[in-house]
Amino acid sequence: MHATSRNIVTNQPGPHRDLARRVERALRHPLRKPIADHTRAAFEQADAWLQGAAGAPLILDAGCGVGLSTRRLASRFPDHRVIGVDRSADRLSRDHGALPDNALLVRADLVDFWRLALAAGWQPARHYLLYPNPYPKSAHLKTRWHGHAIFPVIVALGGRLELRSNWRLYVEEFALALEQATGETAAVEAHDPGADCLTPFEQKYHASGQSLCRLVATLPHAPGLVPTESNEEG
Ligand SMILES: C[S@@+](CC[C@H](N)C(=O)[O-])C[C@H]1O[C@@H](n2cnc3c(N)ncnc32)[C@H](O)[C@@H]1O
């Protein structure tokens, strides 16, 4: 297949100069945005589904789009339960075949869903962030996951966290943020999916000849990383 996805264009020459300050802020000040009722309801359904297979390891597919990766991960890991989360009802509703019994697609805002998951004690064995929106303009740092106040929650959930992108700088910034939050270094490596693309975006970028990269980090479950009202630092 030939495709012509445009390369990412950014006005940043390197990692954002405000990154460390954003991460520091996220580690010190709790995220106060109230949790939306619809995500709370969606989370409760997902939690009940997960409890139905008590003991099965969990895979989170965060920003799953049309859910192809959720289906493929469920087939690849039949003894796991795989939950794909996306806020786009349109993407989630596209027909990509039956869902395996061990997979669930959930419409929810991840900023709320991740907080509910951590509060409920979820400990994903694997956590995928596959081709998140890059937000390549310098002014958009706050909307990248590592520049967002939710970042400590993503890290605190723990497990094998894998981020893939067609924008290397996104992955490099994520690695810097991870090191700042945990002290651990995660390598940013080239990723060649070959014929084994996990998602439509991966397929599209790969077919366009773009360089893909990824980061894999094995993280402890660390709820204490997330600031709360009571331990908020000045
Ligand atoms: C670039 S697409 C990648 C989709 C899929 N992972 C793939 O690789 O084909 C990013 C996805 O993240 C979802 N997304 C972005 N922010 C989100 C949020 N706050 N909560 C839930 N989904 C979100 C978007 O709706 C979109 O489907």
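This dialogue covers the overall build of a predicted model and one pair of its helices.

Colleague: What kind of model is this, and how are residues numbered?

Modeller: The model is predicted: local features need pLDDT of at least 70, side-chain atom pairs count only at pLDDT 80 or more, and totals for chains, interfaces and linings use all residues. Residues are numbered from 1 along each chain as its sequence is written.

Colleague: How many helices and strands are there in the protein?

Modeller: Helices (H or I, at least four residues) and strands (E, at least two) are DSSP runs, numbered from the N terminus. Here the protein has 8 helices and 7 strands.

Colleague: What share of the residues is buried?

Modeller: A residue is buried if 20 or more other C-beta atoms, placed from the backbone, lie within 10 Å of its own. In this protein 39% of the 234 residues are buried.

Colleague: At what angle do helix 1 and helix 7 pack?

Modeller: Axes are lines fitted to C-alpha atoms, for helices over the stretch in contact, and angles run from 0 to 180 degrees between N-to-C directions. Helix 1 (residues 19-28) and helix 7 (residues 168-182) pack at about 45°, their axes 10 Å apart. Helix 1 is therefore oblique to helix 7; angles under 35 degrees count as roughly parallel, over 145 as roughly antiparallel, 65 to 115 as roughly perpendicular and the rest as oblique.

Colleague: Which residues meet there?

Modeller: Two residues are in contact if their C-beta atoms, placed from the backbone, lie within 7 Å. Leu19, Ala20, Val23 and Leu27 of helix 1 meet Glu173, Leu176, Ala177, Gln180 and Ala181 of helix 7.

Colleague: What about the extent of the whole protein?

Modeller: Its C-alpha trace spans about 50 × 45 × 30 Å along the principal axes.

Definitions and conventions: A residue is buried if 20 or more other C-beta atoms lie within 10 Å of its own, exposed if 12 or fewer, and partly exposed in between; C-beta atoms are placed from the backbone.
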